[in-house]
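Biologist: I'm new to this one, so could you show it to me and let me ask some questions as we go?

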Amino acid sequence: MQYRLRPEQLALIDDRVLYQALGEAHSYSILPEVVPVDGRSRLSHDDTQSALDPLTALTSYLAVRPDLQGLREDLLAAAAELMQSITSS
């Protein structure tokens, strides 16, 4: 079982409950990942000074989210299609 939590949430996890819940499994591993509080990516101050169009904003966001790289092309294509449908109405 793998889960993510912020440092302040560590005290809220009762390991005994996790072990009890997984007790009937043939084998298991409990892998907590502590995510730093500042782990959320933000656009830099320079990027936010000018108004970004939605596609540029999405491209900038995806550039700092390596976990979404596999979806990048699909997300950009869907966003472009959505923007086209909005502007053509």
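Biologist: Let's start with Y3: is Y3 buried or exposed?
Modeller: Keep in mind that this is a predicted model. Y3 sits in strand β1. Its relative accessibility is 17%, and the cut-off for buried is under 20%, so Y3 counts as buried.

Biologist: Which residues does Y3 touch, leaving out those up to four places away in sequence?
Modeller: One place to look is across the chain, since the C-alpha atoms of Y3 and L31 are separated by 6.6 Å while the two residues are 28 apart along the chain. L31 is one of the residues that Y3 touches. The full set is I13, L18, I30, L31, P32 and E33.

Biologist: Along β1, which side chains point to the face that is not buried?
Modeller: The side chains alternate along this strand. Y3 and L5 point to one face and are buried. Pointing to the other face, and not buried, are Q2 and R4.

Biologist: In what sense do β1 and β2 pair, and over how many bridges?
Modeller: Take the partners one at a time. Q2 stands opposite L31 in β2, and Y3 has P32 as its bridge partner there. The two strands pair in the parallel sense, and the number of bridges is four.

Biologist: What kind of unit do β1, helix α1 and β2 make?
Modeller: Follow the chain from the N terminus, and the elements run β-α-β-α-α-α. The opening strand, β1, is followed by helix α1 (residues 15-22) and then β2. Together they make a right-handed β-α-β unit.

Biologist: How many helices and strands does the protein chain have?
Modeller: You can read them from the order of elements, β-α-β-α-α-α. The tally for the protein chain is four helices and two strands.

Biologist: Which residue meets R4 in a salt bridge?
Modeller: R4 is exposed, at 63% relative accessibility. Its partner is partly exposed, at 32%. The N to O distance is 3.4 Å, and the partner is E33.

Biologist: How far apart in sequence are the parts that R4 and E33 tie together?
Modeller: The side chains of R4 and E33 meet in a salt bridge. R4 lies in strand β1 (residues 2-5) and E33 in strand β2 (residues 31-34), so the pair ties together parts that are apart in sequence by 29 residues.

Biologist: How many salt bridges are there by this rule?
Modeller: R4 with E33 is one of them. Another joins D67 and R65, at 2.5 Å from N to O; D67 is exposed at 52%, and R65 is partly exposed at 23%. E73 and R72 form one too, with their closest N and O atoms 2.8 Å apart. The count comes to five salt bridges.

Biologist: Is E73 buried or exposed?
Modeller: Its salt-bridge partner R72 is partly exposed, with a relative accessible area of 26%. For E73 the value is 54%, and the cut-off for exposed is over 50%, so E73 is exposed.

Biologist: How many aromatic pairs does a search of the whole structure find, and is that pair stacked or tilted?
Modeller: The search finds one aromatic pair. Its rings belong to Y19 and Y28, with centres 6.1 Å apart. Y19 is partly exposed at 44%, and Y28 is partly exposed at 35%. The planes are at 55°, so the pair is tilted.

Biologist: What share of the 89 residues in the protein chain is buried?
Modeller: Y3 is one such residue, at 17% relative accessibility. L5, pointing to the face that Y3 points to, is buried as well. Across the protein chain, buried residues make up 9%.

Biologist: Where in the protein chain is confidence lowest?
Modeller: The mean pLDDT of the protein chain is 82, and 83% of its residues reach 70 or more. Confidence is highest in helix α4 (residues 72-87), at 92. Where pLDDT is low, the predicted coordinates should not be read in detail. The lowest mean, 51, belongs to helix α2 (residues 45-49).

How values were computed
Residues are numbered from 1 along each chain as its sequence is written. This is a predicted model: local features need pLDDT of at least 70, side-chain atom pairs count only at pLDDT 80 or more; totals for chains, interfaces and linings use all residues. Side-chain values use heavy atoms; hydrogens and water are left out. A salt bridge is a side-chain nitrogen of Lys or Arg within 4 Å of a carboxyl oxygen of Asp or Glu. Buried means under 20% relative accessible area, exposed over 50%, partly exposed in between (1.4 Å probe, protein chains only). Rings of Phe, Tyr and Trp (its six-membered ring) pair if their centres lie within 6.5 Å; planes under 30 degrees apart count as stacked, over 60 as edge-to-face and the rest as tilted. Two strands pair if DSSP finds at least two bridges between them. A crossover is right-handed if, with the strands pointing away from the viewer, the path from the first strand over the helix to the second runs clockwise. pLDDT is the predictor's confidence in each residue, from 0 to 100. Contact means heavy atoms within 4.5 Å.
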